[in-house]
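Work through the exercises below with the structure in view. Try each task before reading its solution.

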Amino acid sequence: MQKVVAGITTSLDGYITGPNDGPGRGLGEGGERLHYWVFGGPWTYAQEARGKVTGADKEYLDASSKRVGAVIGGRNTFEAAEAWGGQNPFGVPFFIVTHRPDDSPAEGGFTFVGGLDEALDRARTAAASKDVSVMGGADVIRQVLLAGHVDELTISIAPIVLGDGKRLFEGFREPLTLEHLQLRQSPYATHITYGVIR
């Protein structure tokens with residue numbers, strides 16, 4: 001059965017980016033440490049990552065990737081990631097939620113849509129029997145949680161304190177009841193998957 005799954009990495013103090021995130025520094029100042037688990041170790045924006053994901057981190061990524069048939073992300077994340085070099089990095093349909101769908105590149109394997117409901121409808125159709133994955137930014141994940149569409153939420157907690165930046169649940173005022181489903185742990189992150197109770 002198809003599910004809507006959301007996942008994001010946060011610091012111990014709840015930040016999904018360091019301060020001053022944007023193009024060329026998508027995770028903000030010092031935020032590279034959030035994604036050490038993705039690249040198998042330390043990396044910086046000044047030097048290209050050279051490691052590979054391993055161990056529990058690889059198990060989590062591989063299991064997630066097998067389930068996903070479409071991805072939804074936000075325009076700010078798209079721009080902060082510098083459009084992933086102009087090429088969809090996921091190999092499945094990728095829908096970008098934006099207030100400016102007409103002001104969007106027509107190449108690279110991205111589809112720009114004007115709202116979350118449209119993105120969900122199109123992603124569900126494109127994913128067929130596979131899951132729809134909602135990635136960052138925080139605003140898109142908050143919206144999809146508040147709308148009651150998320151079946152599973154994975155929070156990957158990096159063992160760092162950033163002190164400033166953007167928070168996933170900033171301004172989130174609705175109660176959210178979660179059921180623990182799975183835990184994977186590595187030296188770089190603890191991946192906790194929750195079922196969202198509606």
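**Exercise 1: The two faces of S6**

This model is predicted. Find which way the side chains of Asp131, Val132, Ser133 and Val134 point from S6.

Solution. Start with Asp131 and Ser133: they point one way from S6. Then take Val132 and Val134: they point the other way. Now check burial. Each of these residues has under 20% relative accessible area. Asp131, Ser133, Val132 and Val134 are thus all buried.

**Exercise 2: The neighbours of S6**

Find the strands that pair with S6, and how they run.

Solution. Take S1 first. S1 runs parallel to S6, joined by 3 bridges. Here Ala6 stands opposite Val134. Next take S3. S3 also pairs with S6 in the parallel sense, over 4 bridges. Here Ile72 has Val134 as its bridge partner.

**Exercise 3: From S3 to S4**

Why is S3 largely enclosed, and which strand follows across the crossover?

Solution. Count burial first. In S3, 7 of the 7 residues are buried, so the strand is largely enclosed by the rest of the structure. Then follow the chain. From S3 it passes through helix H3 (residues 75–80) to S4, in a right-handed β-α-β crossover. S3 and S4 pair in the parallel sense over 4 bridges. Ile72 is matched there with Phe95.

**Exercise 4: The core**

Which residues touch the most other members of the largest nonpolar core?

Solution. The core has 27 residues, and Ile72 and Val134 touch the most other members. Elements that each supply at least two residues include S1, S3, S6 and helix H4. Now list contacts of Ile72: among them are Phe95, Ala119, Leu120, Val134 and Val140.

How values were computed. Residues are numbered from 1 along each chain as its sequence is written. This is a predicted model: local features need pLDDT of at least 70, side-chain atom pairs count only at pLDDT 80 or more; totals for chains, interfaces and linings use all residues. Side-chain values use heavy atoms; hydrogens and water are left out. A nonpolar core is a set of buried Ala, Val, Leu, Ile, Met, Phe, Trp, Tyr and Cys residues joined through side-chain atoms within 4.5 Å. Buried means under 20% relative accessible area, exposed over 50%, partly exposed in between (1.4 Å probe, protein chains only). Contact means heavy atoms within 4.5 Å. Two strands pair if DSSP finds at least two bridges between them. A crossover is right-handed if, with the strands pointing away from the viewer, the path from the first strand over the helix to the second runs clockwise. Lists of a residue's contacts leave out its neighbours within four places in sequence.
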